[in-house]
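Please follow the chain in the display below while reading the paragraphs after it. They pass from the sheets to the ligand and then to the helical spans.

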Amino acid sequence: MHCLSALRSTFCSQLPTSTYRMLLQSRLTPGRTSKRDLTAKVRSQKWNQNIRRVDRRNTAYLLRHTTWKDLVELYEIAKPFRKWIFLGTSFMVVSSGIFLIIPRILGKLIDQFESNPGFPRSDTEEELTIKIAKFFKQHPMALVGLLAVGALATAAKVYCLQIAGVNIVGSLRKAVYSSIIRQDMTFFDKNMVGEIGSRHAADTVIVGYSVSSSLRAGVRAVLVGVGSVGMMLMTSLELSTVSFLTAPIVIGIFKMFGRVQQQCTWQLQEVAADVNQTALERMANMKTVRMLSAEQQSIDEYCKKGELVLDISKTEALAKGSLIGSFQFTGYSAFSSILFYGSHLINTGHITYGELSSFCLYAVLAAASLSNISGFYNEVMKGLGASSRLLELKNSQPVMNLNQGIRKTDIQNSIRFENVSFAYAGRKKTLDNISFHIPRGKITAVIGPSGSGKSSIASLMLRLYDPSEGKITVDNTDLRDINATAWRHAIGTVGQEPVLFTCSIRENILLGAEYPERISQCDLEEAAQLANALDFIQGFEYGFETMVGEHGCKLSGGQKQRIAIARALVSKPKILILDEATSALDATSDYLIRMTLSNLLKNHNLTVLVVAHRLATMQQADQVVYVNRGRIEGQGTFDEMMKVQNSIVEQEARRRGIPMNEQMSKVNTPVAYGFSLKF
Ligand SMILES: Nc1ncnc2c1ncn2[C@@H]1O[C@H](COP(=O)(O)OP(=O)(O)OP(=O)(O)O)[C@@H](O)[C@H]1O
């Protein structure tokens, strides 16, 4: 459970995957119709009237995706644990065998104790069970011993199959998580992280339940069911015929109500994932909900979706109730018929009291098995549906292989964007035929209005996405041919908003290292010192071991930012990508961060791409690239850009409402950094 909740929190914390990818924790489907769409359609319909139609769609979807290939694949995952499965099944055969023979022996014992006129009917009836019954009559403790062996075999069976189940689900969960974390960024653009997370968590629980409890109960039910029916036939053919007459009725009832129940259960899983997603999203962004006073709105939305769950649950409960009620009616009717007809057979000397008793016990066992088999069928189908979705996630192949290609960790000359165009999935071109170069050891500032494509350029340089057209080269090697993992490790990245994970400061900083185990305390402190973070970290009671809270909520904005900078620097990268934040920090934090980066850029001969929002940053750059609506509209040094009539830099300043002369005069004072522009 602990592991599960950890996974759930990993998934559902809604941390941007691009950040995670940038930090290269990827060491470790193409999108389909969103379930949200399905839910929206379902909501817009009157459930009680249309449930069959909607459910069929869903069932069709699930069954279409449940193939024998899935079973084969599940078997492959289960293969390493076949020893446990074999042991468990063997113990199951032993325990089922013992408990199947007991009613027959008890029947014979009853006949031995009773002065039964029909017992034994002939010498040939000195069958094995009679001999065993006689033995147990003389040695009653042996019967207790046999029962104890049966119980021990049952306990061993449960243990072995549970271990097998837990291991199989663990392997499946790991495989699916590894696959999700390696997907292309497009996958996360198309799919809602909360929904994938809750599906991953919920589906693995369902598969886990199916392969451990349900499968165990199901196989036992089949064994006991077949055995009981066999024993019923052996005990009395006439009574068996009466009992089996009820079978078509039971099957009919199961078909009628069982299917509706099954469909409702599947539908519930879909809707529950959506409700879960809504709740998690709001809870993860509580500050924003509070600031917008959107509490009531959030509750209303949650309740609205909850009503849908209630609607489906009502139908499910009705089907379930009808199923159980009908089973009970049929069962008791069949049992009464057996007793009536059985007493008639005793009177006519066809069977003995003991045989009627055995038969009744076997009939109860058979009925219980039938009910367990139907439950087993439901659970297995549910498990197959869930596993097919998990396998779909597991087998989804990302276009970009993270660990293939040339390992490049530095540049000799430059990075070049050559006629690069790029569009996000389902969007128009974000970047349109852009060409520029980022020389080694120089600072390149990309400027431009909001939404013009600056951060997208940074994403392409990090190889979070590949260009749709044109190419990016690193010393004449196409970036597509370069090992993405190694390349990203070579680049220190500070994003627009600092993203911290729910762990200690040390762990957050080490996320930036390719080999965290090789980073010494000295390296860690050096990175923190460079990022101007060492003083405040050492001021905390637990220093580097201080937990930062969810999304770093226990730290100030400036502290988060500086830890993010330390994380970018801990591996001593030669290339830096800095995306200036557009929201304001307090002037002092802003100044500290600015000075930190300024010193870093001056003294470390780094190749830097900075998405700049402030003039001070632009002024520090060796070249400035102006992007507007996805096109490059100006390029040159800061001074060159300033000389241009109605210069772009001036336009930028004016657009931001900053008088040029005032801005330039204050460029090196703390006040200059307080107006909004920062890393
Ligand atoms: N993951 C995404 N999926 C789809 N569209 C996206 C995605 N990220 C950005 N966009 C779109 O691409 C365009 C450029 O976005 P980008 O973030 O590169 O702009 P920007 O210049 O960095 O903006 P800002 O200065 O406001 O940060 C915008 O229209 C944006 O809506």
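Two strands are taken to pair if DSSP finds at least two bridges between them. On that basis, this predicted model contains an open sheet of four strands, ordered E2-E1-E4-E5, in which the pairing is antiparallel. Its edges are strand E2 (429–439) and strand E5 (477–478), each of which pairs on one side only. Within this sheet, strand E1 (residues 414–423) and strand E4 (residues 469–474) are joined in the antiparallel sense over five bridges. One position to inspect is Glu-418, whose bridge partner in E4 is Lys-471.

The model also has an open sheet of six strands, in the order E6-E7-E8-E3-E9-E10, and here the pairing is mixed. The edge strands are E6 and strand E10 (631–636), each pairing on one side only. From one strand to the next, the twist averages 15 degrees. In general, the strands of a sheet pair through backbone hydrogen bonds, in either a parallel or an antiparallel sense. Both senses can be followed in this sheet. E6 and strand E7 (residues 575–579) pair in the parallel sense over four bridges, and Leu-576 in E7 is the bridge partner of Gly-492. Strand E9 (residues 623–628) and E10, by contrast, run antiparallel and are joined by five bridges; there, Asn-628 has Arg-631 of E10 as its bridge partner.

Side chains in a regular strand alternate between the two faces of the sheet. Strand E6 (residues 491–494) can be read in this way: Ile-491 and Thr-493 point one way, Gly-492 and Val-494 point the other way, and all are buried. Helix H21 (residues 557–569) lies across E6 and E7, with a direction at about 170 degrees to E6.

Which helix links the description of the two sheets? Helix H16 lies across E1, E2 and E4, running at about 120 degrees to E1. H16 also lies across strand E3 (443–447), E7, strand E8 (607–611) and E9, at about 150 degrees to E8.

H16 (residues 454–461) is also the element to examine at the ligand, since it supplies the largest share of the surrounding shell, three residues. The residues around the ligand include Lys-454, Ser-455 and Ser-456, together with Gly-448, Ser-450, Gly-451, Ser-452 and Gly-453. Asp-189, Tyr-424, Arg-427 and Thr-430 are likewise found around the ligand. By class, this shell has one nonpolar, eight polar and three charged residues.

The helical spans may be considered next. An unreviewed UniProt entry carries the annotation "transmembrane region" for residues 84–106, 141–164 and 221–254. In the model, residues 84–106 are 100% helix and 0% strand, with their end C-alpha atoms 33 Å apart. Residues 141–164 are likewise 100% helix and 0% strand, and their end C-alpha atoms lie 35 Å apart.

A final point is Ser-357, which is found in helix H15 (residues 353–395). Is Ser-357 buried or exposed? Ser-357 counts as buried because 20 other C-beta atoms lie within 10 Å, and the cut-off for burial is 20 or more. Leaving aside residues up to four places away in sequence, Ser-357 touches Leu-106, Gly-107 and Ile-110. Although Ser-357 and Gly-107 are 250 residues apart along the chain, their C-alpha atoms are separated by 5.8 Å.

Technical notes:
Residues numbered from 1 in each chain as written. Predicted model: local features only at pLDDT ≥ 70, side-chain atom pairs only at ≥ 80, totals over all residues. Near = placed C-beta within 6 Å. Helix = DSSP H or I, 4+ residues; strand = E, 2+ residues; numbered from the N terminus. Nonpolar A, V, L, I, M, F, W, Y, C, P; charged D, E, K, R; others polar. UniProt positions renumbered as here; feature names shortened; annotations may be inferred. Contact = placed C-beta atoms within 7 Å. Axes fitted to C-alpha atoms, helices over the stretch in contact; angles between N-to-C directions. Buried ≥ 20, exposed ≤ 12 C-beta atoms within 10 Å, placed from the backbone.
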